[in-house]
Amino acid sequence: NGEYTGKDISDFYVDKSQSRDLTLRLLNGEKIYNHEIQIICKDGTVKNTLVNCSPHFEKDVLSHIQCFTRDITYLKRTEKLLRFLNAAGHELSGAYETQEALDKITKLIVPDFADWFVINELRVDGLAYLLKMAHADPEKVKWAEKYRGEHPIDLNDPQPGSIGWVMRTCQPMLVSEITDEIIEKGAKDEEQRELLRHLAISSVM
């Protein structure tokens, strides 16, 4: 495989020390079973894998290593989600008021599941109120809160996918990839365009 040929195997490990540890164990004749490692793919994405390796020797000299790698990224995500749901249920059961519950759920979501988390509430007066805003970078929250205070949500916004449109129509929206084209089309002005770029949002739900 040209992706690996001529390259140091440790280049594909997120944790370089794991590569050194596995190499030493294999050189000592140990077989590796279901060892969990994170691998960096060609496109830069990281996958969780289980590795099984067997060293083969000829006259006490290592001739080659046979390895099988299984992608368990989906399983790890599911496991993480189940842990989240379990933790959320536990935390929320001990919350006695809405704000306390929101604080707890926010800490569970950011930054493990999302960098950016916002809760808006549509009240009987027909206006949208910000209940909670959090970001992995607290400085970005200050900037976003300032912008939000100066630019309330427009519930009459005709742009499909905008916050106002979603709250008015109650239609869910998932944008798996935020491109420059989407930002250019969705931003109402240069200030909002700059805010969206500064927040570095890659996807939104």
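In this predicted model, helices α4 and α7 run past each other with axes that come within 11 Å and cross at roughly 155°. Angles over 145 degrees count as roughly antiparallel, so α4 and α7 are roughly antiparallel to each other. The handedness is easy to state too: α4 passes α7 in a left-handed crossing. On the α4 side, the contact is built from K140, W143, A144, Y147 and E150, while α7 brings E191, Q192, E194, L195, H198 and L199. Sorted by class, this contact of α4 with α7 has 5 nonpolar, 2 polar and 4 charged residues.

A second helix pair is worth a look. Helix α3 covers residues 98–109, and α2 packs with it at an angle of about 160°, their axes 10 Å apart. That angle makes α2 roughly antiparallel to α3. Here α2 passes α3 in a right-handed crossing. F84, A87, A88, E91 and L92 are what α2 puts into the contact, and they meet A101, K104, I105, L108 and I109 of α3. The class split for α2 with α3 is 8 nonpolar, no polar and 2 charged.

Here are the two pairs together:

| Helix pair | Axis distance | Angle | Crossing |
|---|---|---|---|
| α4 and α7 | within 11 Å | roughly 155° | left-handed |
| α2 and α3 | 10 Å | about 160° | right-handed |

Now for the empty space. How much space lies in the largest pocket? About 2100 Å³. The lining of this pocket takes in 49 residues, and W116, I163, I201, V204 and M205 are the closest to its centre. By class, the lining divides into 31 nonpolar, 12 polar and 6 charged residues.

Several elements supply at least two lining residues each: the helices are α2 (73–93), α4 (138–150), α5 (163–169), α6 (180–186) and α7 (190–199), and the strands are β4 (116–122) and β5 (128–135). So the pocket brings back some familiar names, because α4 and α7, the roughly antiparallel pair, are both among the suppliers of its lining. From the other pair, α2 is also one of the suppliers.

Last, a couple of backbone details. Most residues other than glycine have a negative phi. Against that background, N34 has a positive phi, near 50°, and sits in strand β1, which spans residues 32–40. C170 also has a positive phi, near 60°. Where is C170 placed? In the loop between α5 and α6, and both of those helices supply at least two residues of the pocket lining.

Technical notes: Residues numbered from 1 in each chain as written. Predicted model: local features only at pLDDT ≥ 70, side-chain atom pairs only at ≥ 80, totals over all residues. Heavy atoms only, no water. 1 Å grid on protein atoms, 1.4 Å probe; cavity = no way out; pocket = protein on both sides within 12 Å on 5 of 7 lines; lining within 4 Å. Points joined across faces, edges and corners; volume = space filled by probe spheres on them. Helix = DSSP H or I, 4+ residues; strand = E, 2+ residues; numbered from the N terminus. Nonpolar A, V, L, I, M, F, W, Y, C, P; charged D, E, K, R; others polar. Axes fitted to C-alpha atoms, helices over the stretch in contact; angles between N-to-C directions. Parallel < 35°, antiparallel > 145°, perpendicular 65-115°, else oblique. Left-handed = near helix turned anticlockwise from the far one by under 90°. Contact = heavy atoms within 4.5 Å.
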